[in-house]
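Here are some notes for your first reading of this model, set out as numbered points. Please keep the structure open beside them and find each residue as it is named.

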Amino acid sequence: MNPTIHIEAGCLDNAGAIARQFVGGALAAIVSDDTVFSRYGSRLEASLKAAGWDVVRFVFPHGEAQKNLATYGELLSFLAEQHLTRTDVIFALGGGVTGDLAGFAAATYLRGVGLVQIPTSLLACVDSSVGGKTAVDLPQGKNLAGAFYPPHCVVIDPALTHSLPEETFRDGMAEVIKYAATLDGSLYEAIDHLPQTLEEVISRCVALKDQVVAEDLRDNGLRQLLNFGHTFGHAIEKQADYTLGHGACVAMGMAIMARACAAKGLCSPACRDRLLRTLTAWKLPTKTAFAPETLFLHLLSDKKRRGQKLTLVVLRETGRAELTPVLLEEALDFLKTGWEA
Ligand SMILES: NC(=O)c1ccc[n+]([C@@H]2O[C@H](COP(=O)([O-])OP(=O)(O)OC[C@H]3O[C@@H](n4cnc5c(N)ncnc54)[C@H](O)[C@@H]3O)[C@@H](O)[C@H]2O)c1
């Protein structure tokens with residue numbers, strides 16, 4: 001695995017020394033939401049001071065609603081007021097919202113400063129902290145302003161996820177299950193043995209993501225496999241006006257695709273059932289009440305649409321998926337078939 005990714009239970013207290021191997025500077029700016037900072041902020045501060053940094057902190061109210069231009073602007077102003085220089089470092093301590101916001105600020109403040117990601121949600125550990133995508137939302141849509149900016153170092157302490165609300169942990173599990181379905185079928189077994197295998201599961205997901213991103217940072221090919229379940233999932237998320245968890249929507253999207261692929265003979269019933277069984281075991285939903293025709297309308301405004309075509313991630317066997325460009329009416333057929341099956 002990429003040497004800049006460190007995974008170890010309890011390593012938050014050593015994050016400063018770990019990060020020092022990859023980033024320099026005299027000033028460390030911790031960016032965190034209020035929930036996470038109140039739990040873990042002082043431990044990170046102590047570790048950064050021990051590693052020789054002066055520490056300042058930018059703490060914002062938790063939640064997706066804060067991942068916007070206003071908070072981003074406040075953060076940039078804060079960094080300027082603190083005289084953070086190009087050799088200094090931003091430490092993103094939190095879930096995907098914090099990582100995306102702090103990452104985008106790190107990419108753009110002074111045209112790029114040091115960035116260390118310290119993910120605290122399961123989703124951030126296995127997905128958003130690795131891979132270099134940073135963004136904020138615009139009123140017109142999610143993640144519309146952003147940059148590719150890989151962190152200089154990622155410090156993952158799996159023990160931090162123990163304090164997550166059950167529903168937030170489950171949301172992250174949808175992404176974990178996605179890796180098993182599309183890239184490594186043997187991961188299902190480790191998932192079956194959670195929580196004992198938590199560190200192993202996180203390490204394996206990070207290694208898979210790291211490998212995919214190494215080949216396709218800018219999302220032009222292989223990386224699109226990680227969109228499995230997301231095209232239909234995003235449609236469900238939008239139709240529900242973002243009242244459902246992202247993971248729950250991805251779970252429904254993956255289930256629809258798996259049922260459609262099995263019905264069309266693209267994958268075996270066993271491959272479909274392995275996925276559905278695992279989603280159900282994690283109390284993730286596999287059906288939606290929204291009609292396929294309604295969901296289809298959202299596909300028309302999908303960022304990934306190219307003219308009359310969309311690229312679907314099609315399940316071929318347990319642990320293997322393929323990118324398949326289809327016409328919009330074929331996408332509707334997948335949606336209907338997977339919805340009804
Ligand atoms: N950059 C990428 O590649 C990428 C990939 C996937 C998702 N994302 C983005 O990630 C965001 C979702 O991430 P998320 O689910 O982590 O959301 P989040 O950052 O809002 O975290 C979810 C909630 O859990 C709380 N929390 C986080 N860690 C905790 C802990 N250890 N203990 C207790 N509470 C904790 C947070 O305060 C928050 O209320 C979205 O904005 C999405 O667009 C980015």
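1. Begin at the ligand, where a nitrogen atom of the ligand has a backbone N or O atom of Leu160 at 2.9 Å. A nitrogen atom of the ligand also lies 2.9 Å from a polar atom of Asp100, and in this case the atom belongs to the side chain. Please bear in mind while reading these distances that the model is a predicted one.

2. Which residues come nearest to the ligand? There are 24 residues around the ligand, and those that come nearest are Asp33, Glu64, Thr120, Ser121 and Ser163.

3. Asn143 deserves a careful look, since two separate features meet in this residue. Its side chain has an N or O atom 3.5 Å from an oxygen atom of the ligand, and its phi is near 55°, which is a positive value in a residue other than glycine. Most residues other than glycine have a negative phi. When you search for Asn143 in the model, look in strand β7.

4. The next point concerns the overall division of the protein, for which the domain assignment gives domain 1, covering 5-162, and domain 2, covering 166-340. The centres of domain 1 and domain 2, taken over C-alpha atoms, are separated by 27 Å. To the contact, domain 1 brings 21 residues and domain 2 brings 23 residues.

5. How much area is buried between domain 1 and domain 2? The value is about 1,900 Å², and carbon and sulfur atoms give 70% of this area. On the side of domain 1, the residues that lose the most area to domain 2 are Leu122, Val126 and Phe148, which together make up 32% of what that side buries.

6. Polar and charged pairs also occur between the domains, where five residue pairs are in polar contact. On the side of domain 1 that touches domain 2, the elements that give two or more residues are β1 (5-7), α5 (122-128) and β7 (141-148). Of these, α5 gives the most, with five residues. Sorted by character, the residues of this side of domain 1 are 13 nonpolar, four polar and four charged.

7. Two salt bridges are counted between domain 1 and domain 2, while the structure holds 20 salt bridges. Side chains of opposite charge can pair when their charged atoms come close. A salt bridge worth finding joins Lys133 and Asp219, whose closest N and O atoms are 2.7 Å apart. This pair links distant parts of the chain, for Lys133 is in strand β6 (residues 133-138) and Asp219 is in the loop between α8 and α9 (230-239), 86 residues apart.

8. Finally, please inspect the peptide bond between Leu194 and Pro195, which is cis, with omega about 5°. Most peptide bonds are trans. Pro195 can be found in the loop that runs between α7 (187-192) and α8 (198-215).

Definitions and conventions
Residues numbered from 1 in each chain as written. Predicted model: local features only at pLDDT ≥ 70, side-chain atom pairs only at ≥ 80, totals over all residues. Heavy atoms only, no water. Domains from an automatic or database assignment. Contact = heavy atoms within 4.5 Å. Buried area = accessible area lost by both parts, 1.4 Å probe. Salt bridge = Lys/Arg side-chain N within 4 Å of Asp/Glu carboxyl O. Polar contact = N/O pair within 3.5 Å; in protein donor to acceptor, adjacent residues only side chain to side chain. Helix = DSSP H or I, 4+ residues; strand = E, 2+ residues; numbered from the N terminus. Nonpolar A, V, L, I, M, F, W, Y, C, P; charged D, E, K, R; others polar. Near = heavy atom within 4 Å.
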